[in-house]
Structure formats: C-alpha cells, structure tokens
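Have a look at the structure below, and let's ask how each label is earned.

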Amino acid sequence: MDYGLYGLGLAYRGMVAAQASLNTVANNLANANTEGYSRQRVEAAPAPSTLVQSMGTEVSLSQLGGGVDVRKIIRNRDEFLDVRMRAEITDEGYSTTLKEQINFLETQFQEPGPNGLSGVISSYFSAWDQLAVNPESSAARSEVRQIGLSVANTFRNLYDNIKKMRTEADAQISNAIVEVNAYIEQVVDLNKEISATRTLGSEPNSLMDRRDLIVEKMSRLVRVQTSLQEDGKLFVFIGGRALVDGDKAEFLSQIPSAEKTLLDVAYRGAAIPAEGLGGKLHALLEMRDSIIGRPALATRTNADREGGVATGQALAGLEDTTDGILYQLDVLANEFAARVNTIHAYGSPLDTSGHNPPGALNGLPSSRPSSGTLTPDQVEQALASAKKPNFFFANAATKPGMILQPSKPGFIGAGQIDLSADILAGNAGLNRIASGKAPTVDPVTGTATYPGPGDNTAAKEIALLRSTPMFGTATETFGDRYRTFLSDLGVKGQFSDRMAQNQLNLIEHLKAQREQTSGVNFDQEMSDMVRYQHAYNASAKIINMLDQALDKLINGMPPGR
Amino acid sequence: MRVTNRMITDNVFRNSSAHLERLATLQNQLASGRRIEKPSDDPTGINQIMLLDSVLKDQQQYSRNIDQVVTWLDTTDSALGDAANIVQRARDLAVQGASDTSSRESRQALAREVLQIRDQLRGVANTQLAGRYIFAGSQTVTEPYPDKKPTTAEGKSKLDSEDRLGVAIGPGLSIEYNQTGPDVFGKYVDSVDSIFEDLGDLANILSLSDDTTYGKISDLIGNIDARLTAINDARADVGGKRNRVELLASRYNNLEVALKDLKSSYQDADIPALISDFTLTQQVYQSSLAASAKIMQPTLMDFLR
C-alpha cells in the first residue's frame, strides 16, 4: 500500500479533470455566438476506490477514493424541445410563405383605387350612360370604345400577371427541392461520421449540433419526422417515406403534373400531395393549385399544351378549381362580356349597312332569349356563320394567326377578352356600336326596319347592367360578386398574416426555452472558470506537498546501515 | 430561470424590430392618408369602400344625365312657348278672316300672313339642340317637318317618329324627356292632320274669299284650338318633368356629399390619432433602446481582476 505515489496519481487525475473542464469553458466561450451550438459540460465521476486495510490493532477494511474520472463531454440539449421546435418552424414556413404570396396577389388587383377592375367597369357603364343621352355623338361612341378597350386590357393584364405567379411558384418549388436534397445529403454524411465517432466511445457534440441545425432548416421547407437510432444515426421521414435511411439518401424529385408544364413533387417517382409536404413547399403548391388555381376549362387549349384538354380526355388533375382566382376571373369576364354582347347583338347600330340582325342566318334566336344571355355555343355558332351578328366583345384567342385555340371559342375568359374587330375598325367601327332597339324584321321579305339614330334602348340597357343581377341569382350584380371575391381574398390574407405572426411568437418562445438549456451565459462560464482554476491550483498544491513529503521520506533517510 | 446573454440580445432585437415595424406602418399610413392599402388590411372595410365608390360614380352619372335632360326640357319649353304664341296668332287671323267685315283685300293680306306664320312655325317645329331635332322622336338627325314632303319609302319612314327618348336618372328610375312631333304638331307624312296642312288650308280659304268657305274656317278654327290644347298639354308635361328632375338634382347634390363623407370615414386615415400613436411609439422605442443598452453591456469579466 503506497500512500505517497497513490496520492500523486489522485492529484494528477484532479489536474487533468480541471484542465478538461477549463478547456470546455474555453470552447463554450468561443462558440457562444455560433448558430445551433449547445453548451458542453464535462461529465466526471469518481474513479473506482481501493480497498485499504488498517494497520492498527483491529483489522478493518475501508474504501479509499480513487480520484476523479472524466467520462464524457456532453452537450446540454433538450431533444423533445427540438422536435417541438421543428413542428412549429414547419407551420411558420407555411404561413409566412402563404402570407407573402397572398399579399403579392392582392397588390395585382390595385384595389381600392381608380386603376382596379372595379373602377374601370364603373367608368364603362358611365360611358354607355353618356352614349344613351346622346347616341348620335361620335365623341360619346369613341369614349365607349376607349373604355371598353380599358376593360379588356385590365382583365387581360390581371389574368396574365396572376398566371405568371403560378410559374414563379413553380420555380420557387424547384429551388426549395434542390435545397432539401442538399440537406438530405448533408445529414447522411453527418450520420456516417457521427456513428463512426460513437463506436470509438465519444460524443461527437459539434457534429450532432450541426445535424440538428440542418434538420431544423429542412423543417421550414417540408414537414419531417425524425427517429434517432442507438448507433447515433438519425432517420428522417416525410409522411412515412424515408428521406434519410441511416446511410442512404432518398432524394425528392419533380415529375410533370397533369398540367404538363407544371411540376409535382415526387418521391421514388410517385407524387406527394401538398398537404403531406407541409412547410414552405405546401404553401407554394397550395398557392399555385388551389388559391390561384387553373383557368376555366372552357378556355384551355385543345393542343398538347399547358393544362390543355383534348376532347374525351380524362380530367383527373385538370378539373376546374372553382374556388381559384383564375377560374373566378374567367367566369366574371365571360358573364360580363356575354351580357353586353347579347344586348348589343339585338340592338341597332348607327350605321346599319352590313348589319346582320340575329335570326336564321346566324343561328341565333330571332328575339332575345328570356334567360338573358347567349351561351358560348350560340356565340361560337354565330361567329362561324357567314352573316355574323354584331358583338362588342370578342375572344382574342380566335383571331386568325393564333396557334392556340380555346376549347370553347364562344367562352370569353379573362385572358382572351378583347374588343371585336368590327368595333375596333376606325370611324366605321364607332358607328357599328349598337345603341338603338332591335330592328323589326319582316318575316316574309326578310328586310329589317331600323329605329332612328336617337333611339337609345340598347345603350340604356347596357348601362343598366351595373345593377342587373347576373350569375343566375336574384340579386347578385357584377359588382357584388367582384367585391365578395376580393373580400374573400382579403380574409385569406388577413388569416395567414395572423397565423404567421402567431407562429413567429411561438418560435421566439421556444427559442428562449432552448437558450435556457443550451445557451452560453458568460457570467456562468466565468465563475466556472474561477472554480476550475482553484481546483487546478489545489491539485497542483497537493502534488507540491506530496513531493515535499516524499522527498523527506526518500532523501531524508540516511543511506546504508 | 436560467438566462443567457443570447436571450437578452435576441430580446433587444425582437422588441426594437417590433417597434420599428409599427413605426413603418404608421408612417406609411400618414404619408398616403389611407387606412386601407390592400384587401387584407380590412376585408369588410374594402367591400364598403368599393361599394360606395361604385354608388358614387353612378350618382355622378345620374347627375350628369339630369343636366342634359334639363337643357333639353328647357329648349323644348321655350320652343313650345313660341309655338303656342304663333298658333294663337293664327287663330286670331282665322277669326278675323271669318268675320263678315273683312274685305277681299284684307283677307288676302291675312292669307299672306298665315303663310308666313306657317313658315315660322315650321322653324320652331324643326328646333335643334346640339345637332339633334327635338321633335323628331328617334330620328334625331332628320328634319321632322321639311318644306317638301319626301316621296320615297325610305324618306317617309324617317318622319313622324313617335319614339320616346328615355334616360336613367336614378337607380331603377328613368324619364322620357322628349315631346314627339305627331303629338304636338300632328302627323306629317301621308296625312292631312298636321297644323301645317291646317294653316295651308286657312291661307287658301282666305285668298279665295268664297262665301261658302266661311263654314270651313270655323272647322279650321276648331282644329287650331285642338292643336293649341295639344301644345299646352305638352308644355304642362315638360313643366312637370322639369320640376321633378330639379327636385331630384338638389337631392342628389346632398346625397353625393353624404356618400363622399361615408366613403372617407372608411378609407381615410385618422391623421390626429395616427400622429399621436406615432409619437407614443417613438417614445416607447427610445426607452426600450435605452434599457437595452444598460442591460447588454456588463458581464462578470468586467469585475474579475
């Protein structure tokens, strides 16, 4: 039993432990501001004791302590908090992206304001009113035509800009997927390193910190579930599909959706629905496919183009998104144009030469249908006839030279509305604007008798459309429907705004909680440093003292004898 | 609760961020004068604003329509007044001609005056307002009572229009503002009903001075009386309409002011409230910055030797 050298070993162990602790303090201070860093502490335990026999009269045994053993350096991390944090970050990614997209969508409408659709349509009806007061005036006619062009342009611009948002969302989705795949690869690499380090028995704290940070970044883009294995590898899933399978990576890809130019997110070749994705990807897909949605089926091309539908083709993935903005705009534009066109076709222009009243010659009923509006099929039929009636609005897609033909040319969607060529043709076009009541057609001879130029029946009726119920209900006017539609968008925007705010607050709260556990406090580290310094000094002092004692023992005894 | 330095700095940043965001919003509202910039700012508010906008525009159009109608009615009224005077004069001449005391020469002079009066009346019947004939019904660009009657079918179809011209002067409210030729002056084409025929006949009778024609003068006087009644009826109609639209116009003026006020209450920012909110937020921001400065700086390191 050697007390002397045994004590030296003890003191040495103490110094080593103090050094390790001081190094850990230094590491913590250096990384105090590193993103994702969790503070580390030394896990020390007493070393195994030795059995000591007393040298006195009574034989007894006692345990003498063996000093300190530095087992591990571990990080302070609450894994449950991490899981919770990821879930909230996913929701925040979803609602913030949604809020930003909807805000951008709102600004396209420019409401309230004089340049919005509401203001332009109001001015349009006013122009017809003005014409009704003075039907012979070419100035009034010019105004009607000019503002009619404004209406068509406003519709088309709005439609085009919103449609562009779909392709932009697509681009953002592609970028996000590249990012997710990069993260997946990084996690796989880290898994390999971490499990290798752990087999050697130590905790790869900084690697694990890094891995947690990467998974957190991934969570903002998609909703992931994780599962930590015994060997230290992290498995990452999306809705049951493994993205990180230990050492293997399974990347997300993109496949063409039913709308050929837009892409779906896919896993192993099968599309993942938007709700299953969560996070920013979900928001972008929802924006693209639900909130903005597809243009009305009636306007989609027959050719093998974006969203195109051939006759008899199955509609899965291509149906009308009746809550979507584009569809609603198309319906608004078509109803508006159809109403104006119907009244116009049954009215009399100023210049009656070359006018073809509705009748057998163009397939239209000879008198106004009681339902009020001509159907797209009737319009199409009339346009195809040799004796075309006089329409004010036309479907720009049917202009000669256009490659893409809509599936229903008689349906005038928001993206195709334009003034008819007859009306646009210079001064003659002005006089083709129908302001008077329908001509009386002699059933025997077929000759038409037109009212005088002062008759303003048609002009008055078109102006009255501002308060005429459309859309098959008893009271819903154009203005009512547009306002409701815009108001709904506003409510969606407000809701996602609030959700985003809530999520951000929640995340701040969780971050604070995490800081409590894993954050570095300078004051604490400094006081720990003083503590370990003292411990180091004390152990050093013991060595000093033992050195002296041994010196006395070894060198103080006389040699020989 | 364990607090780290990071938590303190994060807190500082978050709070000053929130204040700055509020300041930015307020500044935006103050600069634009508008409370609502986009639908999500206030979805129900924007509904109201757009509705009021639309109603206001419609009101303004109705007011404009009324102005036009008033001008037309005034012109019609003055023309009818002239017509009444002229026809009255013709009646006087007819009565004079019917009395036994006038000589052949005086009756011929009367005949000449009657013809002149007829031309004058024709001028009145062809009154135009800004290029439109006011008694021509819907054939507003064709002279309703030309000197020479048309002979072609097309020419004939353009006269004697009995179409009413109407215009909207309120929601669901419209007014027919013209008086038609046939009502006031009688049918002209292929007929002998108009006052012009009667005056022509009168002139003929007066210049012939045949005894047996005196009875015919009394018939003509009957026609002229009927015509005068028609003209005065028309005048009463015009007068009534004039009153009606004038009343409407003054009501609309008040309505427009009220609508503008209502719209402003929804749309415009309350500037005094915003300014005081802005000042308050600024003060809070500055105090929070001062407090943050105090708490961020010292650590234990400053005190360990």
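Q: Which residue stands opposite Y267(A) in β11(A)?
A: That's A270(A) in β11(A). Before we go on: this is a predicted model, where local features need pLDDT of at least 70, side-chain atom pairs count only at pLDDT 80 or more, and totals for chains, interfaces and linings use all residues. Residues are numbered from 1 along each chain as its sequence is written, chains are lettered from A and ligands numbered from 1 in the order in which they are written, and side-chain values use heavy atoms, with hydrogens and water left out.

Q: What makes β10 and β11 of chain A a pair?
A: Two strands pair if DSSP finds at least two bridges between them. Strand β10 (residues 263–267) of chain A and β11(A) have two bridges, in the antiparallel sense, so they count as a pair. A strand here is a DSSP run of E with at least two residues, while a helix is a run of H or I with at least four, both numbered from the N terminus.

Q: Why are β9 and β11 of chain A said to stand at the edges?
A: The open sheet has the order β9-β10-β11 (chain A), with antiparallel pairing. β9 (252–256) and β11 (270–271) each have a single partner strand, so one side of each is left without a neighbour in the sheet.

Q: What lies across β9 and β10 of chain A?
A: Helix α4(A) does, running at about 150 degrees to β9(A). That angle is taken between N-to-C directions, from 0 to 180 degrees, using lines fitted to C-alpha atoms, for helices over the stretch in contact.

Q: What is the strand order in the open sheet of four strands?
A: The order is β5-β6-β7-β8 (chain A), again with antiparallel pairing. Here β5 (225–228) and β8 are at the edges, since each has a single partner strand and so one side without a neighbour in the sheet.

Q: How do you know that β6(A) and β7(A) pair?
A: Three bridges join β6 (residues 234–238) to β7 (residues 241–245) in chain A, so the pairing rule is met. One bridge partnership is I238(A) with R241(A). The two strands form a hairpin with two residues between them, and G239(A) in the turn has a positive phi of about 45 degrees.

Q: Where is the hairpin turn that holds G246(A)?
A: G246(A) is in the turn between β7(A) and β8(A), with a positive phi of about 70 degrees. Among the bridge partners there are V244(A) with A249(A) and D245(A) with K248(A).

Q: What makes the phi of R268(A) worth a remark?
A: Its phi is positive, about 50 degrees, although R268(A) is not a glycine. Most residues other than glycine have a negative phi. R268(A) lies in the loop between β10 and β11 of chain A.

Q: Why is R268(A) called exposed?
A: Exposed means over 50% relative accessible area, buried under 20%, and partly exposed in between (1.4 Å probe, protein chains only). R268(A) has 57%, so exposed it is.

Q: Why is G232(A) called buried?
A: The relative accessible area of G232(A) is 3%, so it falls under the 20% limit. G232(A) sits in the loop between β5 and β6 of chain A. Leaving aside its neighbours within four places in sequence, G232(A) is in contact (heavy atoms within 4.5 Å) with N191(A), I194(A), R198(A) and R211(A).

Q: Why is S40(B) called buried?
A: S40(B) has a relative accessible area of 8%, so it is under 20% too. Not counting residues up to four places away in sequence, S40(B) touches N103(A), E106(A), G490(A), G493(A) and Q494(A).

Q: How many salt bridges are there between chain A and chain B?
A: There are four. A salt bridge needs a side-chain nitrogen of Lys or Arg within 4 Å of a carboxyl oxygen of Asp or Glu. For D163(B) and K437(A), the closest N and O atoms are 3.3 Å apart, so the label fits.

Q: What is the peptide bond from E111(A) to P112(A) called?
A: That one is cis, with omega near -5 degrees. P112(A) is in the loop between α2 (79–109) and α3 (117–133) of chain A.
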